[in-house]
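Colleague: I would like to take a close look at a single part of this model, and I would be grateful for a careful explanation that a first-year student could follow.

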Amino acid sequence: MLRFIANFDRATVEARIASGPCRPLAEVRLDTPVAWPNKVIAYPANYHAHIEEMKDGLVSTFKTGGQGFFLKANSSLSGPADPIVLPAVVGREVHHECELAIVIGKGGRDIGRADALDHIFGYACLVDVVIRGREERVMRKSFDSFCPVGPWITTADEIADPANIALELHINGALRQSANTRDLIVDIPEMIAMASSVMTLFPGDIIATGTPAGVAPITDGDVLDIAIAGVGAMRLAIVRGTAGAHPVWDKPAS
Ligand code: MN
């Protein structure tokens with residue numbers, strides 16, 4: 001997949017689609033589109049309304065504009081056919097964060113704002129799942145299945161204006177999060193500029209662009225729907241797993 005992204009040529013792909021065997025989408029099981037990226041970069045709270053929300057809760061008050069980004073473990077990636085598996089940790093809330101994923105196409109270092117959009121291969125839905133608390137963020141956000149991405153990658157040329165993409169997330173049919181990328185604090189070009197000021201970006205790298213307001217707990221048996229206009233939608237089951245217990249989670253969350 002990384003080679004496919006690095007060497008992507010739409011005409012060649014479309015010619016193969018036209019001549020090759022096809023199967024209905026409903027008959028296949030889709031995996032997460034980039035299972036082995038070089039890295040998953042994630043921006044924290046990145047919409048003005050969510051910053052206000054976080055001041056009231058037990059969650060941290062990191063702001064994307066001044067605090068930069070973090071990483072999620074690549075092994076936390078899961079796909080549209082996979083459930084979100086809650087760890088066997090008692091007394092802690094696990095929250096959903098509804099986010100647009102950027103998939104990098106052309107890599108690079110110190111990419112300027114003016115060139116940033118040229119480095120985007122495409123977009124996908126992403127749920128940034130997290131145990132709330134004060135432990136290291138990478139640990140709280142890196143359980144297996146805590147980064148569903150999919151259901152596919154919509155290539156950048158299919159998105160008219162990345163600064164005007166609507167996204168929403170429902171739990172059990174109730175709207176929890178609704179936002180538009182026009183309200184991002186750090187916009188998409190700046191996210192690429194900031195990340196690439198530190199690290200070389202490679203084809204297939206994923207950037208989680210930060211959550212809007214409305215984060216809330218998910219529990220065993222919930223059904224999560226994430227939909228991003230022009231990009232795609234995923235329906236994910238929430239289940240309780242048997243792995244994940246450790247004394248590090250025994251202290252209070254706040
Ligand atoms: Mn997030």
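Leaving aside its neighbours within four places in sequence, which residues is Phe-143 in contact with?

Modeller: Before answering, I should say that this is a predicted model, with a mean pLDDT of 93 for the protein and 93% of its residues at 70 or more. Once its neighbours within four places in sequence are set aside, Phe-143 is in contact with Ser-76, Pro-87, Ile-131, Gly-244 and Trp-249. You will find Phe-143 in the loop between helix H6 (137-140) and E9. Its relative accessibility is 16%, and because buried means under 20%, Phe-143 counts as buried. For a sense of distance, the C-alpha atom of Phe-143 is separated by 29 Å from that of Gly-230, a residue 87 places away along the chain.

From this loop we can follow the chain into strand E9, which spans residues 147-155. Eight of its nine residues are buried, so E9 is largely enclosed by the rest of the structure. Two pairings involve this strand. With strand E3 (residues 77-78), E9 pairs in the parallel sense over two bridges, and here Leu-77 stands opposite Cys-147. With E7, the pairing is antiparallel and runs over four bridges, and Val-149 in E9 is the bridge partner of Leu-126. As a general point, in a regular strand the side chains alternate between the two faces of the sheet.

Strand E7 brings us to the manganese ion, whose protein donors are Glu-97 (OE), Glu-99 (OE) and Asp-128 (OD), lying 2.0 to 2.1 Å from it. Along the chain, these donors follow the spacing E-x1-E-x28-D. Distant parts of the chain are linked in this way, since Glu-97 sits in the loop between strand E5 (94-95) and strand E6 (98-104), while Asp-128 sits in the loop between strand E7 (120-127) and strand E8 (130-131), 31 residues apart. Glu-97, at 5% relative accessibility, counts as buried, and Asp-128 is likewise buried, with a relative accessible area of 0%.

Strands E6 and E7 also belong to the next part of the picture, the nonpolar interior. The largest nonpolar core has 46 residues, and those with the most contacts inside it are Tyr-123, Ile-188, Ile-192, Ile-207, Ile-218 and Leu-224. At least two residues of this core come from each of several elements, including E6, E7, strand E10 (166-171) and helix H7 (188-198), and H7 gives the most, with five residues. Eight of the eleven residues of H7 are buried, so this helix is largely enclosed by the rest of the structure; among them are Ile-188, Met-191 and Ile-192. At the N-terminal end of H7, Asp-187 acts as a cap, with a side-chain oxygen 3.0 Å from the backbone nitrogen of Glu-190. Ile-207, when its neighbours within four places in sequence are left aside, is in contact with residues including Leu-100, Ile-102, Met-191 and Ile-192. There is also a second, separate core of 16 residues, which includes Ala-101, Ala-124, Ile-153 and Ile-206.

One stretch calls for caution. Over residues 58-62 pLDDT stays under 50, although the model has twelve contacts beyond four places in sequence for them. Where pLDDT is low, the predicted coordinates should not be read in detail.

Definitions and conventions: Residues are numbered from 1 along each chain as its sequence is written. This is a predicted model: local features need pLDDT of at least 70, side-chain atom pairs count only at pLDDT 80 or more; totals for chains, interfaces and linings use all residues. Side-chain values use heavy atoms; hydrogens and water are left out. Donors are N, O and S atoms within 2.8 Å of the metal (3.2 Å for Na, K and Ca); water is not among the atoms, so sites may look incomplete. Buried means under 20% relative accessible area, exposed over 50%, partly exposed in between (1.4 Å probe, protein chains only). Two strands pair if DSSP finds at least two bridges between them. A nonpolar core is a set of buried Ala, Val, Leu, Ile, Met, Phe, Trp, Tyr and Cys residues joined through side-chain atoms within 4.5 Å. Contact means heavy atoms within 4.5 Å. A polar contact is a pair of N or O atoms within 3.5 Å; within protein, one must be able to donate a hydrogen and the other to accept it, and residues adjacent in sequence count only if both atoms are side-chain atoms. pLDDT is the predictor's confidence in each residue, from 0 to 100.
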